[in-house]
Amino acid sequence: MPLVRIDHSDARTNPREIATAIHDAIVEVYGIPERDRFQVITARPAATIIAEDAGLGFDRTDPVVIQIFTQRGRTDEAKQRLYAEIAARLEAVGVAGEDVFIGYVENGPQDWSFGFGRAQYLTGELAVPAPASEKE
């Protein structure tokens, strides 16, 4: 049940394809249900997205900034597989590898409310997802 924020320039004409590529990668790598999809997509003027190379020696042309908020517990290897799968699927919809920027934020079951002002994982309305070590 990751929450995914996607920021891209308003020059991109395929935001739904970008969002679907990211979601499909998460479903593939993490095995989440297909309808477990929570995404916020924002098109911005290109000048409002600053994403330099962090000293890696490449130039970005039209960055897509992805923030993934999800429950802690997945291995570093699983995260690496996810990053690679996202990049591959985004390349297929026209986003160059150097333009993919991912920030990954982990939290716990107490940090989520899916509506009505309740933390459904704590109230028992939703089952807390099993740790990654039990799924992999």
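Here is a friendly conversation about the strands, core and salt bridges of this predicted model.

Student: Let's start with strand β3. How many of its eight residues are buried?

Tutor: Strand β3 covers residues 64-71. Buried means under 20% relative accessible area. By that cut-off the strand is mostly covered, and the number of buried residues is six.

Student: Which strand pairs with β3 in the parallel sense?

Tutor: Take the two partners of β3 in turn. Strand β1 (residues 3-9) pairs with β3 in the antiparallel sense over six bridges, and there Asp7 has Val65 as its bridge partner. On the parallel side there are eight bridges, with Gln67 standing opposite Gly103. That parallel partner, residues 100-107, is strand β4.

Student: Which helix joins β3 and β4 in a right-handed β-α-β unit?

Tutor: The unit is made of β3, a helix and β4, and its hand is right-handed. The helix spans residues 76-92. Its name is α2.

Student: Now the interior. Which element gives the most residues to the largest nonpolar core?

Tutor: The largest nonpolar core has 22 residues, and Ile22, Tyr30, Ile66, Leu82, Ile86 and Leu90 have the most contacts inside it. Two or more residues come from each of β1, α1 (15-30), β3, α2 and β4. The top contributor gives nine residues, and that element is α1.

Student: Which residues does Leu82 touch, leaving out those up to four places away in sequence?

Tutor: Leu82 is one of the core residues with the most contacts inside the core. With residues up to four places away set aside, its contacts are Ala25, Ile26, Val29, Tyr30, Ile68 and Tyr104.

Student: On to charges. Why does the salt bridge between Asp7 and Arg44 tie together parts that are apart in sequence?

Tutor: The two side chains meet at 2.7 Å, N to O. Asp7 lies in strand β1 and Arg44 in strand β2, so the distance in sequence that the pair spans is 37 residues.

Student: Is Asp7 buried or exposed?

Tutor: Its partner Arg44 is partly exposed, with a relative accessible area of 30%. Asp7 has a relative accessibility of 8%. The cut-off for burial is under 20%, so Asp7 counts as buried.

Student: Which residue is linked with Arg12 and Asp62 in a network of salt bridges?

Tutor: Begin with the pair itself: the side chains of Arg12 and Asp62 meet in a salt bridge at 3.5 Å, N to O. Arg12 sits in the loop between β1 and α1 and Asp62 in the loop between β2 and β3, 50 residues apart. Both count as buried, Arg12 at 13% relative accessibility and Asp62 at 16%. The residue linked with them in the network is Asp99.

Student: Where do Glu85 and Arg89 lie?

Tutor: Their side chains meet in a salt bridge of 2.7 Å, N to O. Glu85 is partly exposed at 24% relative accessible area, and Arg89 is partly exposed at 27%. The two are four residues apart, about one turn of the helix, and both lie in helix α2.

Student: One last pair: how many Å apart in space are Pro45 and His8, C-alpha to C-alpha?

Tutor: Pro45 lies in the loop between β2 (38-44) and β3, and this residue is partly exposed, with a relative accessible area of 46%. Pro45 and His8 are 37 residues apart in sequence. In space, C-alpha to C-alpha, their separation is 8.4 Å.

Technical notes
Residues numbered from 1 in each chain as written. Predicted model: local features only at pLDDT ≥ 70, side-chain atom pairs only at ≥ 80, totals over all residues. Heavy atoms only, no water. Buried < 20%, exposed > 50% of the residue type's maximum accessible area, 1.4 Å probe, protein only. Pairing = 2+ DSSP bridges. Right-handed = clockwise from strand over helix to strand, strands pointing away. Core = buried A, V, L, I, M, F, W, Y, C linked by side-chain atoms within 4.5 Å. Contact = heavy atoms within 4.5 Å. Salt bridge = Lys/Arg side-chain N within 4 Å of Asp/Glu carboxyl O.
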